[in-house]
Amino acid sequence: MLSYTVYSEAGGVGKSSLTANLAAAHARAGLDVLIVPLDPQDGDLSRLLGVDDERADHEADNLVRHMVGSPRGSFDDLIQSAEGIDVIPEHNLLSDLSDFLTREKQQAEKLGDAYNIYAQLQRVLQEGGIAEQYDVLICDPPATESDHLYNAIYATRNLVIPVEPSAKGEASVDGLQQLATNFADQMGIEVGVLAAVPNGFKGTNDQAELLEEISFPTPEVIGDRTSLMEGCWKQQCSAFTYQREHRDYPRDHELETLAQFDRLARYLEEQRGIEAPNPPEPGAIEDEVTA
């Protein structure tokens, strides 16, 4: 299984949009994809894909309950689908995840048991048989250093980094590299970076110089597609669906961006030896998601 966390220390770099479109690119190639978004703020990935109906329902079962060992139903019942992608929707209880995990750790320690706060998402996914059911697992934590992020990294062990092509973005990559290295050393695990994805590239000389200084593979550099992404958020869908169902006519530069998502998905799959069964022509929008 290919598993990765899409993360950047800088906010506003299109992290959730990149997650949704990579998931769509994997799924339309015939792979089974699960997204685990973990952002406690509104305007999250569940909102983008239109699966956030129960976010504020305190009676609803949710991922946090499963992570602290107090589920109200089966793990499979948490999963919703959109565009052929399975999603475990975010819930408002994610705001209190750290407090819940800390209490669980204190209780375990009183009983003389070990408790790894950062391993609880991995435990839930293992118990849910995710590795047997899915080809691709993607986590989308908030853009802050938190228990949400560390649980995502511990569960996936790989990072895909959206990068703002600016000095601020370069600093965030350096900071993330240090953060990931320190966490991996602390936990005794290995964490790899599959790719960095410069996003919002406008072709200036300064931006071009900064791209050359990124120390990770950059298989695709995505241009400024503000209009396309704003349309996706308005219609609550991926860029593939937006282009196919909501654009009155295709824009060549946007079709090229869809092709970049497809090529990036194939690149990530290759890193883990996965061959998609039905990869489309990059950027083709005639067919809906097939998984």
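Mentor: Buried means under 20% relative accessible area, exposed means over 50%, and partly exposed lies in between (1.4 Å probe, protein chains only). Helices (H or I, at least four residues) and strands (E, at least two) are DSSP runs numbered from the N terminus. The model is predicted: local features need pLDDT of at least 70, side-chain atom pairs count only at pLDDT 80 or more, and totals for chains, interfaces and linings use all residues. Residues are numbered from 1 along each chain as its sequence is written, and side-chain values use heavy atoms, with hydrogens and water left out.

Trainee: How many of the residues of H7 are buried?

Mentor: Among the buried residues of H7 are Asp 147, His 148, Asn 151 and Thr 156, along with Leu 149, Ile 153 and Ala 155. H7 is largely enclosed by the rest of the structure, because the count of buried residues is ten of the ten.

Trainee: Which residue with a positive phi follows H7?

Mentor: The place to look is the loop between H7 and E6. The residue there is not a glycine, although its phi is about 65°. Its relative accessibility is 25%, so it counts as partly exposed. The residue that follows H7 is Arg 157.

Trainee: How far is the charged end of Arg 157 from the centre of the ring of Tyr 154?

Mentor: A charge sits over a ring if NZ of Lys or CZ of Arg is within 6 Å of the ring centre and within 35 degrees of the ring normal. Arg 157 sits over the ring of Tyr 154 in this sense, and the distance to the centre is 4.5 Å.

Trainee: Over the face of which residue does Arg 251 lie?

Mentor: The distance from Arg 251 to the ring centre is 4.1 Å. The residue whose face it lies over is Tyr 249.

Trainee: What kind of pair do the rings of Tyr 118 and Tyr 150 form?

Mentor: Rings of Phe, Tyr and Trp (its six-membered ring) pair if their centres lie within 6.5 Å; planes under 30 degrees apart count as stacked, over 60 as edge-to-face and the rest as tilted. The whole structure holds four such aromatic pairs. For Tyr 118 and Tyr 150 the centres are 5.3 Å apart and the planes stand at 65°, so the pair is edge-to-face.

Trainee: How many residues apart are Tyr 118 and Tyr 150?

Mentor: Tyr 118 lies in the loop between helix H4 (97-110) and helix H5 (120-127), while Tyr 150 is in helix H7 (residues 147-156). Tyr 118 is buried because its relative accessible area is 18%, and Tyr 150 counts as buried at 11%. The pair links distant parts of the chain, and the separation in residues is 32.

Trainee: With which residue does Tyr 150 form a stacked pair?

Mentor: The centres of this second pair are 4.5 Å apart, with 20° between the planes. The partner lies in helix H8 (residues 167-187), 33 residues from Tyr 150. Both members are buried. Ring pairs link Tyr 118, Tyr 150 and this partner into a cluster, and the partner's name is Phe 183.

Trainee: How many residues does the largest nonpolar core have?

Mentor: A nonpolar core is a set of buried Ala, Val, Leu, Ile, Met, Phe, Trp, Tyr and Cys residues joined through side-chain atoms within 4.5 Å. In the largest one, the residues with the most contacts inside it are Val 36, Leu 121 and Leu 125, and the total is 48. Elements that each supply at least two residues of this core include strand E2 (33-37), strand E5 (136-140) and strand E6 (158-163). Another core lies apart from this one, with 43 residues, and the number for the largest is 48.

Trainee: Which residue touches Leu 34, Phe 75 and Ala 155?

Mentor: Contact means heavy atoms within 4.5 Å. Residues up to four places away in sequence are not counted, and the same residue also touches Val 36, Ile 130 and Leu 137. The residue is Leu 125.

Trainee: How many bridges join E2 to E5?

Mentor: Two strands pair if DSSP finds at least two bridges between them. Strand E1 (residues 2-6) pairs with E5 in the parallel sense over four bridges, with Ser 3 opposite Leu 137. E2 also runs parallel to E5, and Val 36 stands opposite Cys 139. The number of bridges joining E2 to E5 is five.

Trainee: What is the relative accessible area of Thr 19?

Mentor: Thr 19 is found in helix H1 (residues 15-28). Leaving aside neighbours within four places in sequence, its contacts are Val 6, Ile 35, Leu 45, Ile 138 and Asp 140. Thr 19 is buried because its relative accessible area is 0%.
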